[in-house]
Amino acid sequence: MTGFEKDTRPPSGGGRGGGHDPFDQRLADGTLVAARYRVVRLIGAGAVGEVYEAHDETIGEAVALKTLRQGVDDTVSIERFRREIQLARKVTHRNVCRVFDVGHHPLPDGKPLVFITMELLRGETLADRIDARGRCGTDEALPLARQMAEGLEAAHAVGVIHRDFKPGNLMLVDEPAGTRVVITDFGLARTYALDEAAITVTGEAVGTPLYMAPEQVVTGKTPITRATDVYALGNVLYEMVTGQLPFKGSSVTVMAIKRFREAVPSPRLVVPDLDVRWERAILRCLEREPSGRFQSAAEVIAALTADAPPPDAPAAGNAARGFFRRTRSRK
Ligand SMILES: Nc1ncnc2c1ncn2[C@@H]1O[C@H](COP(=O)(O)OP(=O)(O)OP(=O)(O)O)[C@@H](O)[C@H]1O
Ligand SMILES: [Mg+2]
C-alpha cells in the first residue's frame, strides 16, 4: 500500500510494541504447547506476553498463540481470564480478530503458561506502518477508519469495550479486495484491569496510556463506556493523518497529565490543509468529557463523510490534493 509519508513521525513515546527482545522467547520453535499447538516462530512481543505463529495439530491449521507473561497464574485468575475471553468471543466480525481457545501449558518451573489462540493475521500493525511510512492522506485513511469503526460497532453492540484500542492492536492484512483492518486484543485490557496485581508489568500500565481516554488514566470516577473507545479512535485517526500523537512530552506520565490540563492541539497545526471535517471529528472524539464526544464509532464516520463541507472549509482539502504527494519532513 502506498500513501503513507515517511519521516514525518517523531520517535514514539514507547510502548508501541512490534519489536521484541530475543530473551522474550519463552517457547522455542518446535515446542508442542498443551499437546496441541506446535510453535512455528515468534512473531512479536508486547507488554503482556509474546505472540507466536503456531500450527494447530488437531485442526491442521495455522493460528496465532499469545502467551500472558504474568497476572493469571492461579486457577481463579485463569477462570476469570477465560470468562473475559468468552465475552470477546461473542464478537464475530471481519474487522475483529477471532479468538479460538484459552489454555495453559506447564513451564519447567512448574508455573502454568496461560495462552490464547486466535486467528493468524498475516500482515503488519498500523503502528509498524506509521513507523515505516509516516502519515497518510485522508483518502487512504478513510477506508481504514471505516473498518475500525465497524469492528468497534460490532463489539459495542454486544457490550464489549476494547479499552486498549491503538495502532499496535490494529493489523493491516492485504487482501485481493484491499487492505483489511483487524482489531486485536479485545477483552485483554479488561482482564488485566480487573487484576490489581497485573496492572503493572514493567512499571507501566498494561495497555498503552498514550492512547487511553482521561477516564482510564484516572480511574474510579467516570465509567468506561464505548465513548472511551471513541476517544482512542480519535487518537488513532490523529496519528494516521499527522504521523504523531496530539500530546508530546518527555514521558508517558507527562503526556497523560497534559490530557487534563491542556486543550487538544488541532491536527491542522501539523497538517494545515487537513480536511476540516477530519479536524472537527478528531477533536470531538478527543473531548475530555465522554458526554462531549461522539457516542458511537459510526457517528465518527458519518462526520468524516458528511456531504456538505462546513462553511470555513479550505478551498482544497488534504484528500483533494492526492495522497501520493510528499510533504517536507517536519524533523
Ligand atoms: N492475531 C495475530 N496474528 C498475527 N500477528 C499478531 C496477531 N496479534 C498480534 N500480532 C503481532 O504480535 C505483535 C505483538 O502483539 P502484542 O499484542 O503482544 O503486543 P502489542 O499489541 O504491540 O502491545 P500490547 O502488549 O500493549 O498489546 C504485534 O505487534 C503484531 O505484530
Ligand atoms: Mg496487542
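This report describes a sheet, two helices and a few single residues of the structure above, which is a predicted model.

The sheet is open and has 6 strands, which follow the order E1-E2-E3-E4-E6-E5 and pair in an antiparallel manner. Its edges are formed by strand E1 (32-33) and strand E5 (99-106), each of which pairs on one side only. In general, the strands of a sheet pair through backbone hydrogen bonds, and this pairing can be either parallel or antiparallel. Between E5 and strand E6 (residues 112-118), which run antiparallel, there are 7 bridges, and within this region His 105 stands opposite Leu 113 of E6.

The elements for which residue ranges are discussed here are listed below.

| Element | Residues |
|---|---|
| Strand E5 | 99-106 |
| Strand E6 | 112-118 |
| Helix H3 | 138-157 |
| Helix H6 | 226-242 |

Helix H3 includes Thr 138, a residue that counts as buried because 21 C-beta neighbours lie inside 10 Å, where 20 or more are required for that label. The C-alpha atom of Thr 138 is separated by 7.9 Å from that of Leu 274, although the two residues are 136 residues apart along the chain.

Helix H6 consists of 17 residues and reaches 24 Å from its first C-alpha to its last, which is close to the 24 Å expected at 1.5 Å a residue. How many of the residues of H6 are buried? The count is 17 of the 17, so this helix is largely enclosed by the rest of the structure. After H6 comes Gly 243, whose phi is positive, near 80 degrees.

Terms used
Residues numbered from 1 in each chain as written. Chains lettered and ligands numbered in written order. Predicted model: local features only at pLDDT ≥ 70, side-chain atom pairs only at ≥ 80, totals over all residues. Helix = DSSP H or I, 4+ residues; strand = E, 2+ residues; numbered from the N terminus. Buried ≥ 20, exposed ≤ 12 C-beta atoms within 10 Å, placed from the backbone. Expected span 1.5 Å × (residues − 1). Pairing = 2+ DSSP bridges.
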